[in-house]
Amino acid sequence: MAIESPPEATGTPGPASPTVAPAAPRPARLSGRSRLILMVLCAAQFMVALDFSVLNVALPALGTDLGLSTSQLQWAITAFALPSGGFLLLFGRIGDLYGRRRLFLAGLVVFGAASLLATLAWNPAAFLAGRALQGLGAAAIVPTGMSLLTTTFREGPERDRALGISGTLLSLGFTVGMVAGGVLTDTLGWRSTMGLLALASAGVLTLAPKALTESRTPHRPKLDVPGAVSVTGGLLALIYALSTAAQDGFGHTDVLLTLVLGVALLVTFAVVESRAAEPLVSLPMLRRRTVAFGNLGGLLTFALMSTVVFVLTLYLQDVLGLSAFATGLVFGVQGLLSAVAGTYAPRVIGRFGARRTLVGSLLGQGAFVALLLALGEHGGVLVATAGVSLASMCHLGAIVSYGLAVTSGVPDAEQGLATGLVTTTQQVGLTLGIPLLGVLATTQDELFTGVRTVMALDAALLLVGAVVVAAGLRRRG
């Protein structure tokens, strides 16, 4: 996710002083071509954000049409998130080697074709295959799109402005997806949500070849094949094991084998990276306290907020009986308040510093998720709307501040590595949340009991995590 870096929040690695920072230089006016490039890249990121949310409110209708049980619905989300997180590091490096524009365009083609397959899906297998291919396309679009943006716009006010616009549109994409998903599902059916993504990718693909020029790293780094294979395989195996365990239990043979394989591959990845000349992930970078604990905060906020949205969607429709459109409106309120929070987050960070804002945002997110424990089995729309909206406002504060906390004090030569970790944390968080906690709601004897269990665990993890992050960031990295 693109993170806007306000001038008053960058610089020294310590917490920002409460004194007013000098005024930032006025952002340079973008040329016509620069605006076209920014429009194309932001449209692609908007489309990926849309895909993370547009299907949420359509899940009950989708399950009824394709014959997916409630416990199987999480695969509609996980099938997309798993490859999009698992292949992110690999595709980012391939783009560096063989051309970011080339891989960006290839990702758009795969994403569009996969969206069409999901639209026309005749059975669950075809639909889930389409979702997995969408995730694969997104894994190519996200890192190459971010690299094209940062290499097109000069560091300073121009890049800050571009990143700010990109970040705003990413948040807007998630909000529009929730509302549009409800409207489309109620009027044209759930398939129209996937059809919208196919049309969006076709539109971006029409403009992208003319707007973008090729970009790759000058020194052509060597591809760390052992690292790429081990981290990709490890993430895929681990997420599959956790997702399957929620339904079959940890004693199932497939679960145990894939869990052991996933852990073994991730340990192998750590060993490989410690010896690689040009690693995918810099282990010395991860030893910085700001990087390690900042990314932990990011992982928590993404994983646990995505879980709340998934579970609350099922609660509103399957427990309270709301329509997809009404459910979309609930999340529309959430999105509007999140946009407001995103506007004011840089000011809060400028006043209190990125680290304090991150810890405070995690505490606030946890407290407002705990408010959702007041949901009733026969009523609770107002509580749901207030709880998820206020939690999302804190979530936006955590998103902006964790990116700044991670990159704070990192030398310019290592900023690319730090920014890559920020993006990877986002994708892995979105991948882990629903398989780890979300399926607990769908595998209980009663859905409402599962919803309350998930909300309690979600809130507890956020509050404990905030304390750990606060302790970790207390000393300078």
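**Reading the helices**

Mentor: Let's start with the whole chain: its secondary structure comes to 17 helices and 0 strands. Keep in mind that this is a predicted model.

Trainee: How much of the chain counts as buried?

Mentor: Of its 477 residues, 55% do.

Trainee: Okay, take threonine 327. Why does threonine 327 count as buried?

Mentor: Buried means under 20% relative accessible area. Threonine 327 has 0% relative accessibility, so it counts as buried. You'll find threonine 327 in helix α13, which covers residues 324–352.

Trainee: Which residues is threonine 327 in contact with, leaving aside its neighbours within four places in sequence?

Mentor: Val57, Thr313, Leu316, Gln317 and Leu322.

Trainee: And what makes the link from the side chain of threonine 327 to the backbone oxygen of serine 323 a polar contact?

Mentor: The distance is 2.9 Å, and the cut-off for a pair of N or O atoms is within 3.5 Å.

Trainee: Now the helix pair. Why is α14 called roughly antiparallel to α17?

Mentor: Helix α14 (residues 354–371) packs against helix α17 (residues 447–473) at an angle of about 165°, with the axes 8 Å apart. Angles over 145 degrees count as roughly antiparallel, so that's the name for α14 and α17. Their crossing is left-handed.

Trainee: Which residues make that contact?

Mentor: Leu358, Leu362 and Val369 are among those from α14, and α17 brings residues including Leu462, Ala466 and Leu473. By class, the contact has 15 nonpolar, 2 polar and 2 charged residues.

Definitions and conventions. Residues numbered from 1 in each chain as written. Predicted model: local features only at pLDDT ≥ 70, side-chain atom pairs only at ≥ 80, totals over all residues. Heavy atoms only, no water. Helix = DSSP H or I, 4+ residues; strand = E, 2+ residues; numbered from the N terminus. Buried < 20%, exposed > 50% of the residue type's maximum accessible area, 1.4 Å probe, protein only. Polar contact = N/O pair within 3.5 Å; in protein donor to acceptor, adjacent residues only side chain to side chain. Contact = heavy atoms within 4.5 Å. Axes fitted to C-alpha atoms, helices over the stretch in contact; angles between N-to-C directions. Parallel < 35°, antiparallel > 145°, perpendicular 65-115°, else oblique. Left-handed = near helix turned anticlockwise from the far one by under 90°. Nonpolar A, V, L, I, M, F, W, Y, C, P; charged D, E, K, R; others polar.
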